Amino acid sequence: MQRIAKFEKVSFDEFRKSFDLPENEIKAIYDNIKIPVRATEGSAGYDFCTPVAFELKAGETAKIPTGIRARIDNGWVLSVFPRSGLGFKFRLQLDNTVGIIDADYYNSDNEGHIFIKVTNCSYGDKTVSVGAGNGFAQGIFLPFGITEDDDVTEKRNGGFGSTDKK
């Protein structure tokens, strides 16, 4: 296996921007952030755990600030998917279908803070509940290529839609 990335926590200053809570409560949440890990040696996916509990009724959405960033070698991308069990049981889905975390996102103004937005798309009245510290998404590192005539030199600064702002 190639070792091509490293997960880290974003700074506390960056993380606290995502919450409107007393600082001591945010600090307690921050201190309990879990770095993504694989469950078994044969697992491809690194489990992302939510730092705060959430409950979603059918049709409801939540944007989860993971407190995580990923330093990724050039030529690789982190793809984020819902955890298989939550997708299967509740149709918990990422709002952008598959999250794409590029290597240069790490150096963005927000420190490359990975947010994961999920929706409970279940049929009927199924409610999904995920406790703080439990896995809700998984990330898989994948290699990618570029075209022979690619000469892009633009630098990223930001997340969603930032590469369209020229």
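**Aromatic pairs and a small sheet**

Phenylalanine 15 and tyrosine 30 are both buried. They belong to a predicted model that holds eight aromatic pairs. Here's a quick tour of some of those rings, a couple of charges over rings, and a three-strand sheet.

**Aromatic pairs**
- Phenylalanine 7 and phenylalanine 48 pair edge-to-face, at 5.6 Å centre to centre with 85 degrees between the planes.
- Phenylalanine 7 comes from strand S1 (residues 5-9) and phenylalanine 48 from strand S2 (residues 46-49), so this pair ties together parts 41 residues apart in sequence.
- Phenylalanine 7 is buried at 10% relative accessible area, and phenylalanine 48 is buried too, at 1%.
- Phenylalanine 15 and tyrosine 30 make a tilted pair, 5.6 Å centre to centre and 50 degrees between the planes.
- That tilted pair links helix H1 (residues 12-16), home of phenylalanine 15, with helix H2 (residues 23-31), home of tyrosine 30; the two residues are 15 apart.
- Phe7 and Phe48 also join Tyr46 and Phe141 in one aromatic cluster.

**Charges over rings**
- Lysine 27 puts its charged end over the ring of phenylalanine 12, 5.9 Å from the centre.
- Arginine 69 does likewise with tyrosine 106, its charged end 3.7 Å from the ring centre.

**The sheet**
- Three strands make an open, antiparallel sheet in the order S4-S9-S7.
- S4 (61-65) and S7 (92-94) are the edge strands with a single partner each, so one side of each has no neighbour in the sheet.
- From one strand to the next, the twist averages 30 degrees.
- S4 and S9 (residues 115-120) pair over five bridges, and isoleucine 64 has isoleucine 116 in S9 as its bridge partner.

Methods: Residues are numbered from 1 along each chain as its sequence is written. This is a predicted model: local features need pLDDT of at least 70, side-chain atom pairs count only at pLDDT 80 or more; totals for chains, interfaces and linings use all residues. Side-chain values use heavy atoms; hydrogens and water are left out. Two strands pair if DSSP finds at least two bridges between them. Helices (H or I, at least four residues) and strands (E, at least two) are DSSP runs, numbered from the N terminus. Axes are lines fitted to C-alpha atoms, for helices over the stretch in contact, and angles run from 0 to 180 degrees between N-to-C directions. Rings of Phe, Tyr and Trp (its six-membered ring) pair if their centres lie within 6.5 Å; planes under 30 degrees apart count as stacked, over 60 as edge-to-face and the rest as tilted. Buried means under 20% relative accessible area, exposed over 50%, partly exposed in between (1.4 Å probe, protein chains only). A charge sits over a ring if NZ of Lys or CZ of Arg is within 6 Å of the ring centre and within 35 degrees of the ring normal.
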